[in-house]
Amino acid sequence: MTCRVLDGLWFVQGIAGGSASRVKASSPTGRSSDIRLDGKTVLLTGGNTGIGKETARDLAKRGARIIIACRDMEKGTAAVKELVEDSGNESIIVKKLDLADTKSIREFAAQINDGEEQINILINNAGVMMCPYSKTADGFEMQFGVNHLGHFLLTYLLLDLVKRSSPARIINVSSTAHKMGSINFKDLNSEQSYSSIKAYGQSKLANILFTKELAKKLEGTGVTVYSLHPGAVRTELGRHLNVVIRASFKLFHFFTKSPTEGAQTSIYCAVAPELETKTGQYYSDCAQVDCSRAASNEETAKKLWDVSCKMVGIDWQ
Ligand SMILES: NC(=O)C1=CN([C@@H]2O[C@H](COP(=O)(O)OP(=O)(O)OC[C@H]3O[C@@H](n4cnc5c(N)ncnc54)[C@H](OP(=O)(O)O)[C@@H]3O)[C@@H](O)[C@H]2O)C=CC1
Ligand SMILES: CC1=C(/C=C/C(C)=C/C=C/C(C)=C/C=O)C(C)(C)CCC1
């Protein structure tokens, strides 16, 4: 089977991407991608809907074994049924993972480490955006807890398996919203004051800082790491946006991407051969792009790493 995902799809650089121009979504070399993933295993968080489900669909069509990690088993089972039917790939499974609970993350990782022989591609995709103030089971602000700390701990717990599966890739789905955030070390959990948009920005900035620091630590291991902005994509992520903003997104439908289009940069980071020698970079519309200065600050990245270790109770040098 040949899958041509990068060819023939026209992407919209979303409103959140800063430009409304249409760009051709092709790899830097302009090649379409018919890469196969037979014999490879992909683990993807939040794969029951949105960008995650479309990423899973594509990678399943390439022959990979797919593990969808999601918090709602009913939704996850429905997604697996749909993806198996569509792709003809029966090697798609769902496992329970609630990133808002470190106990669930540890249980999930233990099951994967016991039951799986390899993880060649780990896609940290799940996310929550601009929710009303709430805390995870461990008392972390929800967006920082799920989007950053949950994936930080998950990656740590799966890393030996990922390393043993090298060449392997870790992909962190961030956002251009990282530009609106800063890491507020004095109040990471937004207990003193909460802005839902700043907290989202902080969590997405943390995704990029984590990517860069992890890439350095993994140099020479055969495991490469990427972060990305998928574009402004019509998914359930906007469920907490107010009605006016949602209506504007509907009105300016032309400037947003479908979930299939929004999945392309994740797929690109997962399969593009030209990325094999690259690590730690940030991508958008299937091309490497610059992230903010704050996201390139090595001191902040190191400090965030150390604080994150303390918060989730691990020693990760
Ligand atoms: N849509 C967009 O325009 C943009 C999206 N992104 C990023 O893309 C990624 C995917 O988002 P998108 O597909 O749009 O959003 P969706 O809301 O459609 O999907 C998010 C997924 O994350 C899951 N999730 C949320 N909280 C948890 C949790 N505690 N534990 C496990 N899974 C959880 C959701 O599960 P459930 O179905 O149960 O809620 C869902 O499967 C996110 O990281 C987001 O920040 C970045 C920039 C723009
Ligand atoms: C909820 C919802 C919508 C909006 C989703 C949006 C607007 C998501 C934007 C996310 C961004 C920009 C994230 C950046 O990191 C639609 C499609 C209008 C349809 C109705 C339901």
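A polar contact is a pair of N or O atoms within 3.5 Å; within protein, one must be able to donate a hydrogen and the other to accept it, and residues adjacent in sequence count only if both atoms are side-chain atoms. One such contact links Thr235 to ligand 1: a polar side-chain atom of Thr235 lies 2.5 Å from an oxygen atom of the ligand. This is a predicted model, where local features need pLDDT of at least 70, side-chain atom pairs count only at pLDDT 80 or more, and totals for chains, interfaces and linings use all residues. Residues are numbered from 1 along each chain as its sequence is written, chains are lettered from A and ligands numbered from 1 in the order in which they are written, and side-chain values use heavy atoms, with hydrogens and water left out.

**Strand β3**

- Helices (H or I, at least four residues) and strands (E, at least two) are DSSP runs, numbered from the N terminus.
- Strand β3 (residues 41-45) is largely enclosed by the rest of the structure, because five of its five residues are buried.
- Buried means under 20% relative accessible area, exposed over 50%, partly exposed in between (1.4 Å probe, protein chains only).
- Thr41, Leu43 and Thr45 cover one side of β3, with Val42 and Leu44 on the other.

**Partners of β3**

- Two strands pair if DSSP finds at least two bridges between them.
- β3 runs parallel to strand β4 (residues 65-70), joined by five bridges. Val42 has Ile66 as its bridge partner in β4.
- β3 also pairs with strand β6 (residues 121-124), in the parallel sense, over three bridges. There, Leu44 has Ile123 as its bridge partner.

**Ligand 1**

- The shell holds 29 residues (each with a heavy atom within 4 Å).
- Asn48 offers a side-chain N or O atom 2.7 Å from a ligand oxygen atom.
- Ile51 uses a backbone N or O atom, 2.9 Å from an oxygen atom of ligand 1.
- Taken alone, ligand 1 exposes 900 Å², and the protein buries 96% of that (Shrake-Rupley method, 1.4 Å probe; for residues, only the protein chains shown count as cover).

**Ligand 2**

- 14 residues surround ligand 2, and Met129 and Phe249 are among the closest.
- Ser175 places a side-chain N or O atom 2.7 Å from an oxygen atom of ligand 2.
- A polar side-chain atom of Tyr200 lies 2.6 Å from an oxygen atom of ligand 2.
- Alone, ligand 2 exposes 540 Å², of which the protein buries 83%.
- Helix α6 (residues 243-251) gives the most to this shell, with three residues.
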